[in-house]
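The following exercises ask the reader to derive structural statements from a coordinate model. Each task is followed by a worked solution.

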Amino acid sequence: MIYLKTEVDGVEREIEIYYDEIFTRCFKCGKELPVDREMIIGMLKDGCSFADTSFSCLVHLVPND
Ligand SMILES: [Zn+2]
């Protein structure tokens, strides 16, 4: 099991992570987007951090170089 370890109301919690429950927001419009397996694999292969990676919706898609 992979989980998030966080504190809620002063109590440490372990929250299980499932692929269909991972989301982000478009960095331009704030639209909620599901994060799929390929997006996570791409981030890990590129050495990106979860906090510093930005995604965009299809409307605001920025082509890769
Ligand atoms: Zn957007």
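The exercises below proceed from the overall fold to single residues of this predicted model.

**Exercise 1. Confidence and fold**

Determine how confident the prediction is and in which order the secondary-structure elements occur.

*Solution.* Step 1: the mean pLDDT of the protein is 90, and 97% of the residues score at least 70. Step 2: compared by element, β4 has the highest mean pLDDT, 96, while α1 has the lowest, 90. Step 3: the elements comprise four strands and one helix. Step 4: in sequence order they give the pattern β-β-β-β-α.

**Exercise 2. Overall dimensions**

Compare the radius of gyration of the protein with that of a compact globule of 65 residues, and describe the extent of the C-alpha trace.

*Solution.* Step 1: for a compact globule of 65 residues, a radius of gyration near 11 Å would be expected. Step 2: the value for the protein is 14 Å. Step 3: the C-alpha trace extends over about 45 × 25 × 20 Å along the principal axes. Step 4: of the contacts between residues at least 6 apart in sequence, 34% connect residues at least 24 apart.

**Exercise 3. Burial**

What percentage of the 65 residues is buried, and what is the count of buried residues in β1, β2 and α1?

*Solution.* Step 1: a residue is classed as buried when 20 or more other C-beta atoms lie within 10 Å of its own C-beta atom. Step 2: buried residues account for 0% of the 65 residues. Step 3: strand β1, residues 3–8, has a buried count of zero among its six residues. Step 4: the count is also zero for the six residues of β2. Step 5: helix α1, residues 37–45, is hardly covered, with zero buried residues among its nine.

**Exercise 4. The β1–β2 hairpin**

Describe how β1 and β2 are paired, and characterise the residue Asp9 in the turn.

*Solution.* Step 1: β1 and β2 (residues 11–16) run antiparallel and are joined by six bridges. Step 2: within this pairing, Val8 lies opposite Val11, and Glu7 lies opposite Glu12. Step 3: the two strands form a hairpin with two residues between them. Step 4: Asp9 belongs to the loop between β1 and β2. Step 5: the phi of Asp9 is near 55°, a positive value in a residue other than glycine. Step 6: Asp9 counts as exposed because it has 5 C-beta neighbours inside 10 Å.

**Exercise 5. Two exposed residues and the end of the helix**

Locate Pro34 and Glu38, justify their classification as buried or exposed, and state which residue follows α1.

*Solution.* Step 1: Pro34 lies in strand β4, which covers residues 32–34. Step 2: a residue is exposed if 12 or fewer other C-beta atoms lie within 10 Å; Pro34 has 11 and is therefore exposed. Step 3: Pro34 is 15 residues from Tyr19 in sequence, and their C-alpha atoms are 8.9 Å apart. Step 4: Glu38 is part of helix α1. Step 5: Glu38 is exposed because 8 other C-beta atoms lie within 10 Å. Step 6: Glu38 and Lys5 are 33 residues apart along the chain, with 24 Å between their C-alpha atoms. Step 7: α1 is followed by Gly47, with a positive phi near 70°.

Methods. Residues numbered from 1 in each chain as written. Predicted model: local features only at pLDDT ≥ 70, side-chain atom pairs only at ≥ 80, totals over all residues. Rg over C-alpha atoms; globule rule 2.2 N^0.38 Å. Contact = placed C-beta atoms within 7 Å. pLDDT = per-residue confidence, 0-100. Pairing = 2+ DSSP bridges.
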